[in-house]
Amino acid sequence: MKRVPTYRGGSAEAPPIFVLALTIAATGLIPFPLAAQNTGDRVRVTTSTMVAVGEVTTVNRSGFQVQDRGALHSFSYDDIARLERSAGRQSQWKRGLMYGGGTGVGAGVLYGALVSSTCDVLTLGTASNECAETGAQVALLAGLTWGAAGGLVGAGVGALIRREAWDDIPFAGTRLSLTPIVAPRPSTGGVSLGLRILH
């Protein structure tokens, strides 16, 4: 009676047609970025020699082309150091809030130190502890007040400023490569099949 090939776990004894089909399918999946850009996307491409900003015109398995101010640049994924996609022009109110608030708090702390130093001079150093305490109170009050005011002003100014924001595209030299593994099994007359996945 002829033995019928069976499949067990990660290895299998398979007829030649199955091996052929698996090999063709696996080798057809050549390395390709897991996350990349699409035609029409506005991207910023950084290589070791240049930075290009423009619209993606064509994409293939090895790279893509970008139209940058009338010039057409071709890039290979292997040559790219950083790849970013435009997220559009966005308000800078958060950055303004942070800078304005930080400036206000810093000014308040400096003012408190100035008050403490002035107090020391006026009292000829006889009230150092009281001057230091007064300076700390002034720094706390001024820092909170000026920090809040600076934050509001900064946020207002930042809201009027709009800049293009960029999101990283994680291609990371990231490639998905599937390699078929076909090993003969002399003991049974079959073959062992497998796939090696590389990133």
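Is Asp-168 buried, partly exposed or exposed? At 48% relative accessibility, Asp-168 counts as partly exposed, where buried means under 20% relative accessible area, exposed over 50%, and partly exposed in between (1.4 Å probe, protein chains only). Keep Asp-168 in mind, as the tour will come back to this residue.

**Before you start**

This is a predicted model, in which local features need pLDDT of at least 70 and side-chain atom pairs count only at pLDDT 80 or more, while totals for chains, interfaces and linings use all residues. Residues are numbered from 1 along each chain as its sequence is written, and side-chain values use heavy atoms, with hydrogens and water left out.

**The whole chain**

Show the chain as a cartoon to begin. You will see three helices and 10 strands; helices (H or I, at least four residues) and strands (E, at least two) are DSSP runs, numbered from the N terminus. Followed from the N terminus, the elements run β-β-α-β-β-β-β-β-α-α-β-β-β. Of the 199 residues, 28% count as buried. Now switch on the surface: the accessible area comes to about 12800 Å², and 63% of that belongs to carbon and sulfur atoms. These areas come from the Shrake-Rupley method with a 1.4 Å probe, and for residues only the protein chains shown count as cover. Among contacts with a separation of 6 or more, residues 24 or more positions apart account for 58%, a contact being heavy atoms within 4.5 Å.

**First stop: Arg-42**

Select Arg-42, which sits in strand S3. With 39% relative accessibility, Arg-42 counts as partly exposed. Which residue meets the side chain of Arg-42 in a salt bridge? The partner is Glu-164, at 2.6 Å from N to O; a salt bridge is a side-chain nitrogen of Lys or Arg within 4 Å of a carboxyl oxygen of Asp or Glu. This pair links distant parts of the chain, as Arg-42 is in S3 (residues 42-47) and Glu-164 is in strand S8 (residues 162-168), 122 residues apart. Glu-164 is partly exposed too, at 26% relative accessibility.

Stay here and show what surrounds Arg-42. Leaving aside neighbours within four places in sequence, Arg-42 is in contact with residues including Val-53, Gly-54, Ser-86 and Trp-166. Select Val-56 as well: Arg-42 and Val-56 are 14 residues apart in sequence, and their C-alpha atoms are 6.4 Å apart in space.

**Second stop: a network of charges**

The structure holds six salt bridges. Side chains of opposite charge can pair when their charged atoms come close. Select Glu-84 and Arg-44, whose closest N and O atoms are 2.9 Å apart in a salt bridge. Glu-84 belongs to strand S7 (residues 80-91) and Arg-44 to S3, with their positions 40 residues apart in the chain. Glu-84 counts as buried because its relative accessibility is 4%, whereas Arg-44, at 26%, is partly exposed.

Next, return to Asp-168. Asp-168 forms a salt bridge with Arg-82, the closest N and O atoms being 2.9 Å apart. Here Asp-168 in S8 is linked to Arg-82 in S7, 86 residues apart. Arg-82 has a relative accessible area of 41%, so this residue is partly exposed. Select Arg-44, Arg-82, Glu-84 and Asp-168 together: salt bridges that share partners join them into one network.

**Third stop: helices H2 and H3**

Now select residues 93-122, which make up helix H2. H2 has 30 residues and reaches 43 Å from its first C-alpha to its last, close to the 44 Å expected at 1.5 Å a residue; the expected span is 1.5 Å times one less than the number of residues. The buried residues of H2 include Gly-96, Gly-100, Gly-104 and Ser-116, and the buried residues of H2 pack against H3. Just after H2 comes Leu-124, whose phi is positive, near 55°.

H3 has 33 residues and reaches 46 Å, close to the expected 48 Å. Among its buried residues are Cys-131, Gly-135, Ala-139 and Gly-143. What covers the buried residues of H3 includes S7 and H2.

**Last stop: a nonpolar patch**

Select Val-153, which lies in H3 (residues 128-160). Val-153 counts as exposed, at 54% relative accessibility. Add Val-157, Leu-160 and Ile-161: with Val-153 they make a nonpolar surface patch of about 390 Å². Patches are made of residues with over 30% relative accessible area and no salt bridge, with like charges joined within 9 Å and nonpolar side chains (Val, Leu, Ile, Met, Phe, Trp, Tyr) within 5 Å.
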